[in-house]
Amino acid sequence: MSIEIRNIQKRFGEFTALDNVSLTVESGELLALLGPSGCGKTTLLRIIAGLETPDAGQVLFAGKDATHTHVSERQVGFVFQHYALFRHMTVFDNVAFGLTVRPRSVRPGREEVRERVMRLLKLVQLDWLADAYPAQLSGGQRQRIALARSLAVEPKVLLLDEPFGALDAKVRKDLRRWLRSLHNDMHITSVFVTHDQEEALEVSDRVVVMDHGHIEQVGTPDEIYDRPATPFVTQFLGDVNLFHGRVDQGHFTLGDFAQPLAEAPAAGGQAVAFVRPHDLEISRAAEGALAHGVVEHIHAVGPIVRVEVAAESSGKPLEAVLTRERYRELALMLGDRVYVRPTRVSVFPAGDAQDYVI
Amino acid sequence: MSSANPASLRTTTESRPVRYALTALALAFVVLFLVIPLVSVFWEAFSKGWGLYREALVEPEALSAIRLTLLTALIAVPFNVVFGVAAAWAIARFEFRGKSLLTTLIDLPFSVSPVVAGMMYVLLFGINTPVGAWLDANGFKVIFAVPGIVLATVFVTFPFVARELIPLMQAQGADEEQAALVLGASGWQTFRRVTLPNIKWGLLYGVILTNARAMGEFGAVSVVSGHIRGETNTIPLHVEILYNEYNFVGAFASASILALLALVTLAAKTFVEWRMTRQHAAARTRTAEARAAA
Amino acid sequence: MNLISKRHSVLPGFGLAFGVSLFWLGLIVLLPFAALVYTAGGMSWADFVGTVTAERVVASIRLSFGAAAAASVINAVFGFLLAWVLVRYPFPGRRFVDALVDLPFALPTAVAGIALTTLYAPNGWIGRFLEPLGLKVAFTPLGIVVALVFIGLPFVVRTVQPVLEDMEQELEEAATCLGAGRWQIFRRVLFPAVLPALITGATMAFARATGEFGSVIFIAGNIPLVSEIAPLIIISKLDQYDQAGATAVAVVMLAISFLFLFAINALQWWAARRHGAGR
């Protein structure tokens, strides 16, 4: 089932959580809402679920207006960040809850409930825990039970609020791959909220990047990473070096450096170039250099080496990531004078970038 | 974000009529069982005018009852502070065998009827018991005298301070005290400069409760007092005597002092609770910040 | 003999603190209990049984526990309601009402006793409305229940309130998403979670009410076999210098109270074990 969000507006007192947000979730896709805390992503998810009412705008489920449908009738599955398992019920009763609260006329029989619950528990690989209480489970197990519980009512839409937020790193990685493969099997329209860009890029079909109550960019993980639409998206997706220069006749220029731009900003003038550390090459030759400076720190971290160069022009540290091989080739030492050259830049007019300068 | 959402805006709450009906029912209960009895005490006390009210409070027997009540509280409260701090220090800071037994025994006075509490002192110090007879022969009266009243009061208030401090000190842990010792503080300095500031609001809370109960205790004191007018009557006992003599203005006048004490107690208690939540919240923020920084 | 073996700790003062605690505990609590046991031990079994099975004594114990049970049921209902409203529904003056809930803890029982008696007497503020209905409260067992409801209210409210406060809103939201209605959420999610606390609070109110004296004595009327409570029997036996008789009644009351204390602890242990302290 597709979800359409039209011009949603939501304020909490003075705080604008969502400012005229529109978005379409295609039927069967797994969509990530990504952004820093306070960007409005959880509010949007709760509005889709019907847990919050928008001040203005519409939510359409499969083309039908559902804005005023009560949450208990929307047939959404919602997995809460802290799982919200019922502590006084066994795992079985938790999963069965959605079936047993149905009106008598449409409530499945005892045997059918049992069968469906056990099928779901098998699906999440926890059928052996049916009689346990939530307090006896690990975080990852609780997460999977919460998921099974929300699936029991055969929701048309599955909504997950920071589904891996409360787990430790190892379990987190396992569980997100598991969720991805589960989605591949079930193809239920799913939306999940996260503040972790790695998680969003790895798991989802499409990513929605949000900030300050509006959508910055919507796209596949590749699009988002390779062609960030705004300075915010560029910076939010990972570490980045900033260079303040100018755009002239389709080129970004800074001192002697000039790089042709495929999609140059329309107007010339002040501009900022963003370069990721692994797109920054270090060399001992001045040719084609964007900046030069002195090597200040070298951190070898496993297969990669992070090198910090104090730029002579601005005095700011630049960060570059090299492979171990390249690092050995260069034979870098602290205090060496080196040149940096970008292999890939994203350029934005200076005004846009100002808010986000680190 | 959702926590900033006031309760009234929750999508998951009862419908308005249900909320209003339940609130009205609860408030009606509060008015019937709490507000009206409280108001009636003052109403009855002043029913015959200010003059009679004042007269009822300045007569010698009333003054003597007030003096005895203050004296009793003045002994019981410091006693409970010393005991409570000592017990909390031992229980919350050390592991020893018999700890849970000690904790249970401290709570024991709460599960004993005040009348039975008073009776136990009569059984121990009464004139026809061995101990009581010996004390009496040496010119020392406990039962039907002030020492008995003080003992019974201490008994019924026994757990208040300890019960407040033990969970508080257990929750705070011994890290700060250990840090103080490592920095070279003596045991006494550690207690005075680290422990005491941390538990002061909890201690004050216990003192407020102890004081209220000490000044208002009726059952236990009634058994050991002997009701000797002008000598062994506390305010509550004085109230009883006047009431039984159909001197309602006098009874309610004395009762109004105790009701006023109750109101002061509630106000002080609310204030201390507010301070404690603030301290608690501040501590929580600090830990959260420390964790975020780590 | 190494009954108290302290595990090593760097903090000083264990000996002093432990010594002070034990000394005062012994003097104030244990010694009087020893006197009770000593006196009870001095009675013959036949005397003991004879005393506690006397008609007046049995009636008074039944009254004390019966009225306490009735009061704690009423308190369970209204205490729960009050805690619910205080936690969940904002209304003007909520903080004032919240503070007022502790009034029965703070108001001396004798004051509550004379105030309630005056109110519920046939010519009192409340009694005059009940009189035409044929409802006599003051000087009847009903009056005792009224006094005990007053005394026990904070126990229920103060044990239920924190549990309701800690209840995550997410639980209700989860239940709503799963299609449950308000009443189903209350019955199947909220109430079961609060139930252990509610039972604990009601049991505490009950235990306090069984031994209550000050607030009851005025309103009860103290008619033998009808409205005479057990603590009053103890006092009248003491007044007649029948210390053994008074002790026998006290021992029965204590035994029943301890049974309930034990039940509370067992319940709390069970609830903690089942639902876990950790989330």
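# Notebook: cysteines, salt bridges and helices

**Entry 1. Cysteines.** I began with C39(A), which is buried, with a relative accessible area of 1%. I then looked up C177(C), and this residue also counts as buried, at 5% relative accessibility. I noted that I am reading a predicted model. My next search was for disulfides, since a disulfide is a covalent bond between the sulfur atoms of two cysteines. The count over all chains is zero.

**Entry 2. Confidence.** I wrote down the scores of the whole model: ipTM is 0.87 and pTM is 0.84. For chain C, I found an average pLDDT of 87, and 95% of the residues there score at least 70. Which helix of chain C has the lowest confidence, and which the highest? The lowest is helix α13 (residues 243–275), at a mean of 83, and the highest is helix α3 (residues 55–88), at 94. I keep one caution in mind: where pLDDT is low, the predicted coordinates should not be read in detail.

**Entry 3. Chain A as a whole.** I looked up the secondary structure of chain A and found 10 helices and 20 strands. The C-alpha trace of chain A spans about 80 × 45 × 35 Å along its principal axes. Chain A has 358 residues, and buried residues make up 53% of them.

**Entry 4. Salt bridges.** How many salt bridges does the structure hold over all chains? I found 37. The general idea is that side chains of opposite charge can pair when their charged atoms come close. I went through several of these pairs in chain A.

The pair I looked up to begin with is K10(A) and D55(A), whose closest N and O atoms are 4.0 Å apart. K10(A) lies in strand β1 (residues 3–12) of chain A, while D55(A) lies in the loop between α1 (41–49) and β4 (56–61), so this salt bridge ties together parts that are 45 residues apart in sequence. Is K10(A) buried or exposed? K10(A) has 9% relative accessibility, so it counts as buried. Its partner D55(A) is partly exposed, with a relative accessible area of 46%.

Next I took D248(A) and R246(A), which form a salt bridge with their closest N and O atoms 3.8 Å apart. D248(A) has a relative accessible area of 36% and is partly exposed. R246(A) counts as partly exposed at 36% relative accessibility.

Then I turned to R306(A) and E319(A), where the closest N and O atoms of the salt bridge are 2.7 Å apart. R306(A) is in strand β17 (residues 304–311) and E319(A) is in strand β18 (residues 317–323) of chain A, so the pair ties together parts that are 13 residues apart in sequence. R306(A) is partly exposed, with a relative accessible area of 29%. E319(A) is partly exposed as well, with a relative accessible area of 22%.

I also found salt bridges that share partners. They join R172(A), R176(A), R177(A), D196(A), E198(A), E199(A) and E202(A) into one network.

**Entry 5. Chain B.** The UniProt record, an unreviewed entry, places "domain: ABC transmembrane type-1" at residues 66–273 of chain B. In the model this span is 78% helix and 0% strand, and its end C-alpha atoms lie 29 Å apart.

I looked up a surface patch in chain B too. L71(B), L74(B) and I75(B) form a nonpolar patch on the surface, and together they have about 280 Å² of accessible area. I located L71(B) in helix α3 (residues 60–93) of chain B. L71(B) has a relative accessible area of 38%, so it is partly exposed.

**Entry 6. Chain C.** UniProt lists "domain: ABC transmembrane type-1" for residues 61–264 of chain C, again from an unreviewed entry. Here the span is 78% helix and 0% strand, with the end C-alpha atoms 21 Å apart.

Where does UniProt list "transmembrane region" in chain C? The unreviewed entry gives residues 12–41, 61–87, 99–121, 133–157, 189–207, 213–235 and 247–271. I checked some of these against the model. Residues 61–87 of chain C are 100% helix and 0% strand, and the end C-alpha atoms are 37 Å apart. Residues 99–121 of chain C are 78% helix and 0% strand, with end C-alpha atoms 28 Å apart.

How values were computed. Residues are numbered from 1 along each chain as its sequence is written. Chains are lettered from A and ligands numbered from 1 in the order in which they are written. Side-chain values use heavy atoms; hydrogens and water are left out. A salt bridge is a side-chain nitrogen of Lys or Arg within 4 Å of a carboxyl oxygen of Asp or Glu. Helices (H or I, at least four residues) and strands (E, at least two) are DSSP runs, numbered from the N terminus. Buried means under 20% relative accessible area, exposed over 50%, partly exposed in between (1.4 Å probe, protein chains only). UniProt positions are given in the numbering used here, feature names are shortened, and annotations may be inferred rather than shown by experiment. Patches are made of residues with over 30% relative accessible area and no salt bridge: like charges are joined within 9 Å, nonpolar side chains (Val, Leu, Ile, Met, Phe, Trp, Tyr) within 5 Å. Accessible areas come from the Shrake-Rupley method with a 1.4 Å probe; for residues, only the protein chains shown count as cover. A disulfide is a pair of cysteine sulfur atoms within 2.5 Å. pLDDT is the predictor's confidence in each residue, from 0 to 100.
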